[in-house]
Amino acid sequence: MATSILHSARGKRNGSSLHDVEASIEDQIESLREEVAAFAKLIGENSAKHGKKLRATAESSYDDLAVRGEELLRDLQRGYAKSSREVRRTVRQHPVATVGAAAAFGLAVALLLSRR
């Protein structure tokens with residue numbers, strides 16, 4: 001009987017000790033869950049801020065690109081108009097030479113295509 005009393009006393013001690021360990025582990029798990037949730041929230045907020053910065057940078061870059069594209073288009077249109085005026089002026093000043101040049105160009109293209 002003495003051994004059974006000792007055994008039950010040890011069991012109670014081990015049981016309560018085991019219960020304490022389980023409670024401690026559960027507390028640690030809960031603490032980890034809270035830390036993970038806080039970390040996820042922090043990452044979400046940081047990502048949102050970073051996303052806003054990237055979006056603003058992209059919008060600014062797009063606006064700059066659009067302005068530069070419009071300027072380039074205007075420059076090309078001016079260059080085309082200037083070239084067109086020069087060609088018209090040359091054709092009006094030298095009509096025979098223009099017809100001869102066009103005929104020579106056409107003949108060269110025809111020769112190149114006939115060799116295929």
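So, helices and strands: this protein chain has two helices and zero strands. Please keep in mind, as you turn it around on the screen, that this is a predicted model. Helix α1 covers residues 2–93, and helix α2 covers residues 95–114.

How confident is the predictor? The average pLDDT for the protein chain is 85, and 86% of the residues score at least 70. Now look at residues 1–12. There the pLDDT stays under 50, and the model has zero contacts beyond four places in sequence for that stretch. Where pLDDT is low, the predicted coordinates should not be read in detail. So let's leave that end alone and move on.

Next, the surface. What share of the 116 residues in the protein chain is buried? Just 1%. The accessible surface of the chain comes to about 10700 Å², and carbon and sulfur atoms account for 62% of that.

Let's zoom in on one piece of that surface. Val21, Ile25 and Ile29 together make a nonpolar patch of about 230 Å². Ile29 sits in helix α1. Is Ile29 buried, partly exposed or exposed? Its relative accessibility is 39%, so Ile29 counts as partly exposed.

Now for the charged side chains. How many salt bridges are there? The count is two, and I'd like to walk you through each of them.

Start with Glu30 and Arg33. Their side chains meet in a salt bridge, at 3.9 Å from N to O. The cut-off is 4 Å, so if you check that distance yourself, you can see how the pair qualifies. Where do these two sit along the helix? They are three residues apart in helix α1, which means about one helical turn separates Glu30 from Arg33. As for their surroundings, Glu30 has 38% relative accessibility and is partly exposed, while Arg33, at 55%, counts as exposed.

Then find Asp75 and Arg78. In this salt bridge, the closest N and O atoms are 3.2 Å apart. Asp75 and Arg78 are three residues apart in helix α1, so about one helical turn lies between them. Asp75 is partly exposed, with a relative accessibility of 46%, and Arg78 is exposed, with a relative accessible area of 54%.

My last stop is Thr98, over in helix α2. Thr98 has a relative accessible area of 26%, so we call it partly exposed. Which residues does Thr98 touch, if we skip those up to four places away in sequence? The answer is Thr90 and Val91. You can also find Val87 from here: Thr98 and Val87 are eleven residues apart in sequence, and their C-alpha atoms are 9.8 Å apart in space.

To wrap up, here is what I'd like you to take home: two helices and zero strands, two salt bridges, and a nonpolar patch made by Val21, Ile25 and Ile29. And do remember residues 1–12, where pLDDT stays under 50. Thanks for listening!

How values were computed. Residues are numbered from 1 along each chain as its sequence is written. This is a predicted model: local features need pLDDT of at least 70, side-chain atom pairs count only at pLDDT 80 or more; totals for chains, interfaces and linings use all residues. Side-chain values use heavy atoms; hydrogens and water are left out. Helices (H or I, at least four residues) and strands (E, at least two) are DSSP runs, numbered from the N terminus. Buried means under 20% relative accessible area, exposed over 50%, partly exposed in between (1.4 Å probe, protein chains only). Accessible areas come from the Shrake-Rupley method with a 1.4 Å probe; for residues, only the protein chains shown count as cover. Patches are made of residues with over 30% relative accessible area and no salt bridge: like charges are joined within 9 Å, nonpolar side chains (Val, Leu, Ile, Met, Phe, Trp, Tyr) within 5 Å. pLDDT is the predictor's confidence in each residue, from 0 to 100. Contact means heavy atoms within 4.5 Å.
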